[in-house]
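The following report describes the architecture and selected residue environments of the structure shown here.

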Amino acid sequence: MNTQKQGEVNWKLLLICVAIGAVIWFIPAPSGLETDAWHLFSIFVATIVALVIKPIPMGSTAILALTIIALTQILTLEQSLSGFQNTTIWLIVIAFFISRGFIKTGLGTRVSYLFVRLFGKKTLGLSYSMLLSDLILAPAMPSNTARAGGIIFPIIRSLSETYESRVGDGTERRIGAFLVKVSFQGDMITSAMFVTAMAANPLAVQITQEITGVTITWGGWALAALVPGLISLALIPFVIYKLYPPELKETPEASAIAVEKLKEMGPMKKEERYMIGVFVLLLSLWIFGGNFGISATTSAFVGLCVLLLSGVLTWSDIKKEQGAWDTLVWFSVLVMMATYLNELGMIPWFSDLMGDAVGQLSWMMTLIILAIVYFYSHYFFASNTAHVSAMYAAFLSVIVASGAPPLLSALILAFFSNLFSCLTHYGAGPAPVFFGSGYVSQKKWWSLGFIISLIHIVVWFGAGGLWWKALGLW
């Protein structure tokens with residue numbers, strides 16, 4: 001993986017990306033495809049490669065791609081900047097700001113310790129308390145790295161060291177390795193359960209709208225993910241407990257530690273109460289607001305205004321939230337390219353091509369086979385966003401062209417766009433945080449990840465399929 005310093009340009013890798021794009025650019029456009037569509041595709045491919053190997057930061061990559069598109073006049077400058085007007089992008093950006101409130105007020109940490117106090121007397125119960133904390137925070141924290149790495153992981157490390165489970169002295173398996181692996185895998189599941197739980201989820205929603213005309217609502221996504229998500233959250237800690245058991249099975253001191261930490265935090269501050277109120281308000285608006293003509297993005301703006309007016313967040317906090325502004329830039333450019341690849345005919349052309357290849361299969365077989373291929377292709381990606389950007393639209397187009405229900409197809413691929421990060425130690429933002437702690441070896445990380453991937457596929461196609469049938473999705 002690329003390890004250059006923040007902001008430093010790796011010219012060798014950057015030239016590789018440019019060369020890949022240039023080679024595609026100068027290949028004649030395939031029959032039936034406009035030249036502009038092919039040239040935009042060449043820039044898109046170079047951009048995705050850059051997002052994977054990271055010669056420069058993601059935001060810089062996006063700005064470079066946008067500038068080249070405008071300079072080559074594939075699109076006008078107005079068209080190139082159109083992604084910044086996208087309401088879905090602003091939903092995720094504002095959700096980043098709101099998530100800052102959980103961290104700033106300490107409410108996220110308090111929630112975690114409350115669950116530890118309730119369920120932390122046994123190691124398995126302690127692991128479930130981490131997952132429940134993550135599940136509660138997930139709807140309003142789109143950065144799963146901030147959620148898991150900034151709130152959950154510090155608590156895990158503190159508890160592990162309390163029980164004398166440290167890296168490098170042979171005590172990793174005492175408790176630390178188990179908690180690290182369970183919490184990471186749980187974060188991938190909670191990320192799949194809400195539109196606002198992972199930064200690339202709204203990208204899948206937007207692409208679905210562009211390709212199929214189908215709108216995935218916040219409530220619709222959450223309802224569809226509810227049953228398979230809860231089953232996965234219940235199963236995965238138990239499976240890891242059996243396959244990779246901690247040496248320490250009882251943790252009676254954990255509850256006492258949580259009680260002590262909560263005492264140190266003191267009574268709940270008014271800022272935390274405001275944060276709870278805004279969280280409840282947001283969930284209510286996201287679920288029911290559509291009935292009153294209030295969109296999810298408008299709801300997010302309402303929540304942000306309340307936090308600003310109540311003093312929970314300041315404008316200085318907003319300006320400092322680099323992850324949100326970074327997301328606004330790269331997300332806008334990727335959505336713009338995905339939109340115009342579809343409008344210029346690239347996605348329909350590829351859909352027809354692949355549709356002919358799987359034309360003899362039923363839509364159900366096509367959906368299952370391509371969804372599994374999509375899942376395991378994540379071995380080649382170091383980013384959920386890069387993977388969704390590169391493959392989601394194409395796979396969705398082919399599956400829908402086979403006759404599969406568009407909403408069902410889109411949701412399955414969207415759920416898998418989170419779950420497939422279970423596979424490797426580099427496939428999602430939280431992965432380097434947890435793996436980098438050193439508690440779990442790469443061999444064990446990958447082997448457990450593969451087993452968990454099989455469980456996810458069975459659960460989400462099996463129990464999920466029955467649940468989606470009951471919901472009328474197919």
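## Cysteines

Cys-422 is buried, because its relative accessible area of 0% falls under the 20% limit. Cys-305, by contrast, has a relative accessible area of 41% and is therefore partly exposed. In this predicted model, a search of the whole structure returns zero disulfides. A disulfide would be a covalent bond between the sulfur atoms of two cysteines.

## Overall architecture

The protein chain contains 22 helices and zero strands. Its radius of gyration is 22 Å, close to the 23 Å that the globule rule gives for 474 residues, so the chain is as compact as a globular protein of that length. Along the principal axes, the C-alpha atoms occupy a box of roughly 70 × 50 × 50 Å.

Of the 474 residues in the protein chain, 54% are buried. The accessible surface amounts to about 19100 Å², and carbon and sulfur atoms account for 66% of that surface. When contacts between residues at least 6 apart in sequence are considered, 78% join residues at least 24 apart.

## The largest nonpolar core

The largest nonpolar core comprises 153 residues. Trp-221, Met-337, Tyr-374, Phe-375, Tyr-392, Phe-416 and Trp-460 have the most contacts inside this core. Helix α16, spanning residues 322–343, gives the most to the core, with twelve residues.

The surroundings of Phe-416 illustrate how these residues meet. Apart from neighbours within four places in sequence, Phe-416 is in contact with Ala-371, Tyr-374, Phe-375, Ile-457, Trp-460 and Phe-461.

## Helix α18 and its partners

Helix α18 covers residues 363–376. Its 14 residues should span 20 Å at 1.5 Å a residue, and the end C-alpha atoms are 20 Å apart, so the expected and modelled spans agree.

Which residues of α18 are buried? They are Thr-366, Leu-367, Leu-370, Ala-371, Tyr-374, Phe-375 and Tyr-376. The buried residues of this helix pack against α19, α20 and α22, the last of which covers residues 442–470.

## Two buried polar side chains

Ser-409 lies in helix α20, which runs over residues 406–419. Its relative accessibility is 0%, so Ser-409 counts as buried. Not counting residues up to four places away in sequence, Ser-409 touches Leu-367, Leu-396, Ile-399, Val-400 and Ala-404. Leu-367 is also one of the buried residues of α18.

Thr-385 is located in helix α19, residues 384–401. With a relative accessible area of 8%, Thr-385 is buried because this value is under 20%. With residues up to four places away in sequence excluded, Thr-385 touches Met-58, Ala-200, Leu-203, Trp-330 and Leu-334.

## A partly exposed phenylalanine

Phe-119 belongs to helix α6, which comprises residues 107–119. At 38% relative accessibility, Phe-119 counts as partly exposed, because the value lies between the 20% and 50% limits.

Beyond residues up to four places away in sequence, Phe-119 touches Gly-125, Leu-126, Ser-129 and Leu-132. In addition, Phe-119 and Thr-251 are 132 residues apart in sequence, while the C-alpha to C-alpha separation in space is 10.0 Å.

Methods
Residues are numbered from 1 along each chain as its sequence is written. This is a predicted model: local features need pLDDT of at least 70, side-chain atom pairs count only at pLDDT 80 or more; totals for chains, interfaces and linings use all residues. Side-chain values use heavy atoms; hydrogens and water are left out. Helices (H or I, at least four residues) and strands (E, at least two) are DSSP runs, numbered from the N terminus. Buried means under 20% relative accessible area, exposed over 50%, partly exposed in between (1.4 Å probe, protein chains only). Contact means heavy atoms within 4.5 Å. A nonpolar core is a set of buried Ala, Val, Leu, Ile, Met, Phe, Trp, Tyr and Cys residues joined through side-chain atoms within 4.5 Å. A disulfide is a pair of cysteine sulfur atoms within 2.5 Å. The radius of gyration is taken over C-alpha atoms; the globule rule is 2.2 Å times the number of residues to the power 0.38. Accessible areas come from the Shrake-Rupley method with a 1.4 Å probe; for residues, only the protein chains shown count as cover. The expected span of a helix is 1.5 Å times one less than its number of residues.
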